[in-house]
Amino acid sequence: MSFFKKLKDKFSGSEEEHDVSDKYKSGLTKTRDTFSTKINNLVARYRKVDEDFFEDLEEILIQADVGVTTVMDLIDELKMEVKRQNIKDTEGVKDVISEKLVEIYAGEDDITKESLTLKENDLSVYLFVGVNGVGKTTSIGKLAHQLTEQGKKVVLVAGDTFRAGAIEQLQVWGERVGVEVVKHREGSDPSAVIYDGIQAAKSRNADVLLCDTAGRLQNKVNLMNELSKVKRVIEREIPDAPHEVLLVLDATTGQNALSQAKTFAQATNVTGIVLTKLDGTAKGGIVLAIRKELNIPVKFVGLGEKVTDLEAFDAHAFVYGLFADMIESDKA
Amino acid sequence: MAFEGLSERLQQTIKKMTGKGKVSEQDVKEMTREVRLALLEADVNFKVVKDLVKRIKERAVGQDVMESLTPGQQVIKIVKEELTALMGGEQSKIAVSERPPTVIMMVGLQGAGKTTTTGKLANLLRKKHNRKPLLVAADVYRPAAINQLETLGKQLDLPVFSLGTEASPIDIANQAIDKAKEEHLDYVIIDTAGRLHVDEHLMDELQQIKQNVTPDEIFLVVDSMTGQDAVNVAESFDQQLDVTGVVLTKLDGDTRGGAALSIKAVTNKPIKFAGMGEKLDELEAFHPERMASRILGMGDVLSLIEKAQDNVDQKKAQELEEKMRSATFTFDDFLEQMDQVKSMGPLEDLIGMIPGANKMKGLKNVQFDDKQLVHVEAIIQSMTKKEREDPSLMNASRKKRIAKGSGRPVSEVNRLLKQFDEMKKMMKQMTNMQKGKKGKKGKGFNFPFM
């Protein structure tokens, strides 16, 4: 069975999965359009799998922000694979391309889905970190909605005490979703707010506490230290917390995302990534490199501005979104 | 590693070149390949890179590079010239309308930094241009966006116009201009909601605002960390709104900022300002040439020199040099020198501006913490006057006293003494070198320009 057939079966298998793939498709329409149209054009343009073909493929991947190093490695592997399987026509190479992409992401263990650590009958604490303007507060609002829908009792804590209007922004989200928001005044110590948040969540028997933090550029040593302190405060109150540290990444970000992931991981031991703004034309290809180099998985993707536009990341669905056109034309 | 400078890459390529004398065409090809990689790693859009590399190759294959004894620098020179030419000259003027108020519209994707930049721009207009700006909260979509602008207005003590989240952004813009006229405010800065360039409905809204208020400037605000997509964003916004300039934000991060080049190449609109920090006075004129250096990873030498000129007292510097030469450098001088360095800004920023600093042994992984400076200062200040002049006086009990006085461990006092001693030795060597003796050339200082 071809790789695409397998994917197709996967997505037509159950209703629920079908919904997810539809959502990915609509959210990723732009991504899919540009990316897979290009691969299709590429495939149509070349009969033979030769140097020119690989050069063009390299450009498509670079344009998706996959990053030069990762792209070159991938191309090398593809060349080897093509030689090994003795693939001569470009049609045949399509399968290999997407297989390799999933493989970079999933690795040897073939883990393509990552779930959140949720404690049974106990408080789970999630810390949100990232540079300025990536969508931390919005992602928290969306996740709060999702968890509430699942019947969890959620509390938010406004740890961004720096940016003007940040506390109010979280407050609005709290009202929208109908959950409590613990806050201090602007300019107060973030660790102190987070501490209060934990106490409040404990005394209200909440299931999940979502901690917002101020955006900070990863090269600001003092601000990164402040973040480590926030994490230490959480650890001191609940020894196995934070149960998740989610790095929020903007899909439009280029190669700097790798540096962000590295530095934030050093400061807070990041457990997963929320990839936001994937509903634009940006492709967020850098997550492949992040996964490969730092082994940090993507857990969620932001696909729009609605409160429901946060989806669990699924590498197959991701690649399916990128290659949907090709799969559909396969069917015909 | 992903973030190597171009100069490093080229040096490696040159090392690999076999044979002596002239550089072959193949070598030039190899070098332009490195240029291509460096630009792509800096997030310059690949189409822009393609055009650039083509031009660079044409020039490099010419006589200059192939006959040069220093082909690496020749290539860098060409690359830098091409990049600088593409970036254009410095332009940080803001339009002034003949009939006030002058209207500025801020547009861009979500999270680019429009609201913060609106505040910074208003601050700049008032401080540098002596104008009275009105801030307009036209972002009715993002929760608390209006609140954010109002808070900034309060911090700056500037008026903010808003009609809440129920009004249409077009009405808000129209009424804001009426208000500015009434109150004789000469600038109106409209903060619009962030939106995707492919969101037809919201892009249409911007066009309507534009038709209604006929802005004198439309600034596209772009995050300097943006990757390949910068081209699509800039092109769309420019096609639909005909922007007049670009503001690049978050440039105080460690991104190479290749997006700047991409944006300039596809829109040919000037990048006017750069956001350099979270404080409201941290909006600077954009320097195209420095950006070219940064994209290539060559260090921001010009900025460093400028900072040094601004902050270092020339007379004191001369005195210091004299002391270094005569090797009578004391802890007091050290303290003074530290003060001057501190006045130039955070240490890590300074180090980042030195070309090749990221490859100096020892410097690469050191986290520069300004607190260490404070500690060193405390230790020196806990010494007596005599001790500062003559560190050889030090003994165990003196060290203990200093440690107690400064609140630092004795081991730190020891370390400082040792470092000071080494510094003195180094100074001696350096002054010997200057005198033209056969001093060895300092190793590890491979400046890319030499």
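N205(A) is exposed, with a relative accessible area of 64%. This asparagine has a positive phi of about 55° although it is not a glycine. N205(A) sits in the loop that links helix 9 (190-203) to strand 4 (208-213) of chain A. The model is predicted. Chain A has 332 residues, and chain B has 450 residues. The two chains bury about 3800 Å² between them.

**Backbone outliers**

- K250(B) also breaks the pattern, with a positive phi of about 60° although it is not a glycine.
- K250(B) is buried because its relative accessible area is 10%, under the 20% cut-off.
- N205(A), by contrast, counts as exposed because its 64% is over 50%.
- K250(B) belongs to the loop between strand 6 (245-249) and helix 11 (259-267) of chain B.
- A cis peptide bond joins A241(A) to P242(A), with omega near -10°.
- P242(A) falls in the loop between helix 10 and strand 5 (244-250) of chain A.
- A cis peptide bond also joins P100(B) to P101(B), with omega near 5°.
- P101(B) falls in the loop between helix 5 (71-87) and strand 1 (102-108) of chain B.

**Interface between chain A and chain B**

- The size of an interface is often given as the accessible area lost when the parts come together.
- Here that area is about 3800 Å², and 53% of it is on carbon and sulfur atoms.
- Chain A contributes 45 residues to the contact, and chain B contributes 42 residues.
- Three salt bridges are counted between the chains.
- One salt bridge pairs E59(A) with K50(B), where the closest N and O atoms are 3.2 Å apart.
- The chains also share 16 residue pairs in polar contact, with both residues at pLDDT 80 or more.
- On the side of chain A that touches chain B, at least two residues come from each of helix 4 (51-63), helix 5 (68-85), helix 8 (166-177), helix 10 (221-237) and helix 11 (256-268).
- Helix 8 of chain A gives the most to that side, with five residues.
- By residue class, the side of chain A that touches chain B holds twelve nonpolar, 19 polar and 14 charged residues.

**E58(A), a buried glutamate**

- E58(A) is part of helix 4 of chain A.
- E58(A) counts as buried because its relative accessible area is 13%, under the 20% cut-off.
- The side chain of E58(A) makes a polar contact across the chains, with the side chain of R36(B) at 3.1 Å.
- Leaving out residues up to four places away in sequence, E58(A) touches V71(A), I75(A) and R36(B).

**R388(B), a buried arginine**

- R388(B) lies in helix 18 (residues 385-389) of chain B.
- R388(B) counts as buried because its relative accessibility is 15%, under the 20% cut-off.
- A polar atom of the R388(B) side chain lies 3.3 Å from the backbone oxygen of I380(B).
- The R388(B) side chain also reaches the backbone oxygen of M383(B), at 3.4 Å.
- Beyond four places in sequence, R388(B) touches T330(B), F331(B), D332(B), L335(B), I380(B), Q381(B) and M383(B).

**Chain A as a whole**

- Chain A has 13 helices and eight strands.
- Of its 332 residues, 60% count as buried.
- The accessible surface of chain A is about 13200 Å², with 46% belonging to carbon and sulfur atoms.
- Among chain A contacts between residues at least 6 apart in sequence, 76% join residues at least 24 apart.

**Chain B as a whole**

- Chain B has 20 helices and eight strands.
- Of its 450 residues, 50% are buried.
- The accessible surface of chain B is about 22300 Å², with 49% belonging to carbon and sulfur atoms.
- Among chain B contacts between residues at least 6 apart in sequence, 76% join residues at least 24 apart.

How values were computed: Residues numbered from 1 in each chain as written. Chains lettered and ligands numbered in written order. Predicted model: local features only at pLDDT ≥ 70, side-chain atom pairs only at ≥ 80, totals over all residues. Heavy atoms only, no water. Contact = heavy atoms within 4.5 Å. Buried area = accessible area lost by both parts, 1.4 Å probe. Salt bridge = Lys/Arg side-chain N within 4 Å of Asp/Glu carboxyl O. Polar contact = N/O pair within 3.5 Å; in protein donor to acceptor, adjacent residues only side chain to side chain. Helix = DSSP H or I, 4+ residues; strand = E, 2+ residues; numbered from the N terminus. Nonpolar A, V, L, I, M, F, W, Y, C, P; charged D, E, K, R; others polar. Buried < 20%, exposed > 50% of the residue type's maximum accessible area, 1.4 Å probe, protein only. Areas by Shrake-Rupley, 256 points an atom, 1.4 Å probe, with all protein chains shown as cover.
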